[in-house]
Structures are given as structure tokens and as C-alpha cells.
Amino acid sequence: MDLVLLLLQQLSVYLVIAYLLSKTPLFIPLTFISGRKSHRIACYVLFSSFCILGTYFGLSIENAIANTRAIGAVMGGLLGGPLVGFAVGLTGGLHRYSMGGFTDIACAISTTTEGLIGGLLHLYYLRKGKIDNIFKPSVVLSITLFAEIMQMLIILLVAKPFDQAWLLVQSIAIPMILANSVGAALFMSIIQDKKAIFEKNYTAFSNKALRIAQRSVGVFSQGFNAVSCKKIAAIIYQETGVGAVSITDRDKILAFIGVGDDHHVCGTVISSDYTIQAIEHGEITYADGYEMAYQCSISPSCKLGSVLVIPLLEADGRVLGTIKLYEPKQKLFSTLNRSLGEGLAKLLSNQILAGRYIQQQNLLNQSEIRLLHAQVNPHFLFNTLNTISAVTRKDPHKARKLIQHLSQFFRSNLKQNIEQVTVQEELDHVQAYLQIELARFEERLCVDINIDEHLLVLNIPTFTLQPLIENAIKHGTSTLLEKGEININGYFSKTNKETLVILEVIDNAGNYCKDGKNIGLGLQIVDKRLKNKYGPQYGLVMSCKTGIYTKAMISFPLINQQAK
């Protein structure tokens with residue numbers, strides 16, 4: 001009984017050291033299972049140290065040592081695997097062998113065996129997909145109990161003389177089996193608690209980051225300005241629970257929400273040394289109010305007592321502005337919010353860049369639409385005016401109709417600066433254009449429109465059909481001596497994977513083949529816009545049979561199509 005109490009006393013010191021180590025970064029690798037070399041090295045170093053420590057703390061009994069060395073060997077194998085367990089056990093065993101005694105060889109063998117037993121159990125649970133069982137104190141207690149029984153058997157088999165070994169085992173077996181089994185279970189309990197805290201913090205961090213990311217998507221699509229920054233600051237303030245949140249550009253405050261919003265006014269020029277330092281050096285600045293003093297640069301009576309300033313970076317590394325998290329004087333910064341703040345800066349930097357890209361893409365789209373307008377307007381206007389001039393004397397009523405169609409066409413052009421329209425709206429725009437061209441070519445042009453009525457409510461990029469029809473007339477039917485025919489078709493086409501929307505413009509000239517595969521600028525823009533919107537497998541396809549027909553066919557998926 002006295003030996004049990006002495007071993008438990010030794011075990012208490014052992015566990016206190018383990019608990020203190022759990023507060024350091026050295027303990028973090030023990031909270032998860034990994035095949036990484038760094039993880040295995042950490043397990044080996046730590047548990048080899050505990051093996052050796054257990055021997056030093058041991059009690060000398062009959063030229064042998066009652067000890068807690070087995071805890072380090074078994075735990076090293078359980079958390080590091082067979083190779084680590086063998087290495088830890090061998091290290092602890094060789095150290096014990098160096099101390100001599102009639103059980104030195106037996107203890108060296110048994111300690112190595114105990115590390116290997118822990119490692120084999122690690123391998124078993126790994127292959128069964130039950131890694132969580134490794135961290136159960138009950139499992140550790142059972143395996144250590146078994147390993148200690150094996151140690152006693154090895155002492156009986158190897159240590160000489162046998163009579164002395166038998167007396168030793170009778171004295172130390174029960175105390176060491178109980179102490180080491182309970183000690184290993186308590187050690188794993190410390191690791192389990194650390195693991196639970198780590199996972200809880202990680203989950204909280206991940207959930208907060210995910211919610212902020214979800215809520216902030218698209219906010220910067222309208223630019224990095226006071227309006228978008230105010231929305232983002234409100235989201236971060238609500239999700240993190242910090243005292244205040246501020247976002248600045250390089251010169252002034254763009255948004256501020258929380259404690260101190262009465263004097264941290266949007267538009268105020270930056271005066272904080274911490275913010276200026278973060279902008280100039282592109283580095284995070286943290287003033288906790290203790291190690292680094294903090295005092296609001298705007299108001300001496302400000303209740304804020306600490307600040308974390310994180311620069312927002314552009315793609316080239318230039319500082320765009322800062323995001324600032326504050327806590328009031330009576331509250332300290334949590335480690336979670338500090339880490340979260342650094343992650344948020346990267347998230348917001350990327351979203352600002354994405355917002356700029358969207359803005360530039362929208363500008364490009366508008367430029368392409370204007371370019372299509374510029375292509376069609378000049379020569380179409382001249383041709384139409386000449387047509388009107390020719391029919392004015394012969395048929396004034398028809399001339400007035402043509403002027404109305406021309407007015408409708410250009411009015412529609414002015415309205416088509418939007419991204420997309422329905423097929424019906426696009427056809428209405430095309431009709432005004434066709435009425436003028438039909439008047440111009442009179443009996444030499446016939447247009448047939450055959451479009452599925454269910455297709456009319458679907459959205460397409462604005463100014464899609466008109467360039468195709470203009471191309472069919474300008475480079476097709478207008479070159480014919482006989483009557484030109486243009487067919488405009490729209491229908492659904494089902495494949496094995498999806499339903500496609502097909503729009504076709506077919507002329508009976510067949511002139512496209514003469515130009516090879518070169519597509520005009522207008523058609524290139526139509527194709528590019530369709531591919532950008534729906535994917536590279538969709539868009540415009542030109543086909544031709546010389547002297548018979550030219551077909552311009554566009555395709556896009558029916559999925560996610562809605563009426564405007």
C-alpha cells in the first residue's frame with residue numbers, strides 16, 4: 001500500500017508537468033493524429049522525455065526501480081504510431097539499461113515492447129477508421145494495463161535470478177499496474193480536454209469566418225466606398241462582438257460602428273499613429289493598452305482601450321486601406337478575434353479585388369454594347385435616310401412609317417444599355433430594324449420568323465440577334481440578284497445532359513464560306529458575351545454551303561433561365 005501511495009505521489013508531479021506543458025504550443029501536435037514527419041518528431045521528443053522522467057522519478061526497490069516510465073512509451077505509440085512507439089520505448093529502455101541493476105535488460109525490452117504495443121493499437125484504430133478511440137481515457141487505461149502485465153511477464157522471463165525477479169514482481173506488480181494505467185488515462189484526459197478546447201475554438205472561428213464570408217459576398221461589387229464599407233463593418237461588428245469596427249482607405253475613415261461612433265465620424269482624416277504605421281509599412285499593428293499603450297487620437301475621453309489594425313492589400317501588395325477592430329478599456333482582445341481579424345483582412349482584400357473585377361467587366365460589357373451600336377448606327381442611318389429620301393415623293397405615308405420605325409429603332413438602342421433582355425424584347429428591337437430593311441430592298445427581301453412561344457420569355461444578352469440579322473443582310477442577301485430570304489428560328493434542343501435553347505439566322509446567299517473562318521467584330525462580340533455568360537461550350541457557330549445558305553446559330557442552356 002505504501003508503494004502505491006508513493007507511486008501516486010510521483011504520478012502527481014508527472015501529471016502536473018503534463019498539465020503545464022498543455023498550456024504551451026508544444027502540446028498542440030498531440031491533439032490530432034497525423035502522418036507528418038514534424039508530428040512524429042514532436043511525439044518522439046515529448047514522450048521520450050516523459051519516459052526518461054518516469055525513470056528518474058522512480059523508487060529504488062531491491063536493486064530495481066518502480067516507475068511510471070510505461071506512460072510515456074504507451075502514449076508515444078498510441079499518438080505517434082508503431083515507429084514512434086518503438087523509438088520512444090527503445091530510448092526509454094536504453095536509458096533504463098544505462099542505470100544498471102539486475103532488471104536492466106528486462107526493463108529495456110519491456111519498455112520497447114510497451115511502446116510497440118501502443119503503436120500497434122494506433123495502427124489498428126487507424127485502419128478501422130476509429131481514430132477518435134485513441135483519445136479515449138478508457139482505451140488508454142486498458143492498453144496500459146495490458147502493457148504493464150506484459151512488462152511483469154518479461155521481467156520474470158528475462159531477469160536473473162528468477163527467485164529475486166519473482167519477489168520483485170510480487171512487490172511492484174499491482175502498484176505499478178494501477179499507477180501507470182490510471183496515470184496514462186489521466187494524461188490522455190488532459191490531451192482530450194486540450195483537443196476539445198482547440199476544436200471548439202476552431203469551430204467557432206470557422207463558423208464566424210463562414211458567416212462573415214457569406215454575408216459579405218457581392219458587397220464590394222459596387223466599389224470600395226463608404227456605402228459598401230459601412231455594410232461590411234456592420235456585418236463584422238455583429239458577428240465578432242468586438243467593441244467597434246472601422247474601415248479606412250489610405251486617407252480617411254470610410255465606416256465606423258460601435259463604441260466611440262459619436263466622435264469617430266466617417267470622412268474624418270486619419271490621425272492615429274497605429275493606422276498610419278500599418279498603411280506605411282503594410283504590417284499589422286496591435287496596441288493592447290498594456291504592453292503597448294493605446295489612446296484614441298480623436299477624443300481623450302474615448303472608452304476604447306485597445307486596437308488591432310490590419311492593412312487591406314491590393315494584388316501588387318500596395319496598401320489599399322485598413323480594417324480596425326477595437327475593444328473597450330474594461331475588455332481584453334480574445335485570441336480568436338485577433339486571429340479572425342487577420343483572416344478577415346485577407347478575405348476583404350480579395351473581395352475588394354473581385355468587386356473591382358466585376359466593375360471592370362461591367363464596363364467592358366457596356367463598351368462592347370456601345371461598340372455594336374457604333375457599328376450598326378452610321379451606315380444603317382445613311383442607308384435608311386437615302387431610302388426615306390427616295391420614297392418621300394412617291395409615297396409620303398410610307399416615308400412617315402419609315403421615320404417612325406427609325407425613331408423606334410434608335411430609341412430602343414438607347415434603352416439597351418442593360419445586361420440582358422427577353423427574347424421577345426430583342427425581337428421587338430429587331431422588328432424595327434427589319435421594317436426599314438424590307439422597305440429598302442422591297443421585293444428583293446423576304447424575312448420569316450418562326451420562334452417557339454415558350455422561348456420568348458427567356459433572357460438573352462442584349463443586342464444578340466440584331467448583329468446576326470444585319471450580317472445576313474449586309475454580307476448575304478444584299479449581294480444577290482435574285483430574291484433574298486432570311487429565316488429566324490428559335491427552338492429547344494434536348495441532349496443527353498441538358499436542354500438547349502437554339503436561335504438561328506439563316507440566309508440563302510451562302511457567302512460566308514468565301515471569307516473562311518474569319519468572323520466579323522460584331523459576331524465576335526456576340527460569341528464572346530454568350531461564352532462569358534454561359535460557358536465556353538456555348539455561343540455562336542457559323543456554318544455555310546457556298547451559294548446555298550449561311551447559318552448563324554447561337555446556343556445556351558435552358559437551366560436557370562427566368563423571365564426578366
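These legends describe close-up views of a predicted model.

**View 1. Helix 3 packs against helix 4.** Helix 3 spans residues 69–80, and helix 4 spans residues 82–98. Their axes lie 7 Å apart, at an angle of about 160°. Angles over 145 degrees count as roughly antiparallel, so helix 3 is roughly antiparallel to helix 4. The crossing of helix 3 and helix 4 is right-handed.

**View 2. Residues of helix 3 meet residues of helix 4.** Helix 3 contributes R69, G72, A73, G76, G77 and G80. Helix 4 contributes V84, G85, V88, G89, G92 and R96. Of the residues in this contact, three are nonpolar, seven are polar and two are charged.

**View 3. Five strands form an open sheet.** The strand order is 4-3-7-6-5, and the pairing is antiparallel. Strands of a sheet pair through backbone hydrogen bonds. Strand 4 (253–258) and strand 5 (285–287) stand at the edges. Each has a single partner strand, so one side of each has no neighbour in the sheet. From one strand to the next, the twist averages 10°.

**View 4. Strand 5 pairs with strand 6 at one end of the strand order.** Strand 6 covers residues 304–313. Strand 5 and strand 6 run antiparallel, joined by three bridges. In one of these pairings, T285 has V309 of strand 6 as its bridge partner.

**View 5. Helix 8 lies across three strands: strand 3, strand 4 and strand 7.** Helix 8 covers residues 226–240. Strand 3 covers 244–248, and strand 7 covers 319–328. Helix 8 runs at about 30° to strand 4.

Definitions and conventions. Residues are numbered from 1 along each chain as its sequence is written. This is a predicted model: local features need pLDDT of at least 70, side-chain atom pairs count only at pLDDT 80 or more; totals for chains, interfaces and linings use all residues. Side-chain values use heavy atoms; hydrogens and water are left out. Axes are lines fitted to C-alpha atoms, for helices over the stretch in contact, and angles run from 0 to 180 degrees between N-to-C directions. Helices (H or I, at least four residues) and strands (E, at least two) are DSSP runs, numbered from the N terminus. Angles under 35 degrees count as roughly parallel, over 145 as roughly antiparallel, 65 to 115 as roughly perpendicular and the rest as oblique. A crossing is left-handed if the near helix is turned anticlockwise from the far one by less than a right angle, and right-handed if clockwise. Contact means heavy atoms within 4.5 Å. Ala, Val, Leu, Ile, Met, Phe, Trp, Tyr, Cys and Pro count as nonpolar, Asp, Glu, Lys and Arg as charged, and the others, Gly among them, as polar. Two strands pair if DSSP finds at least two bridges between them.
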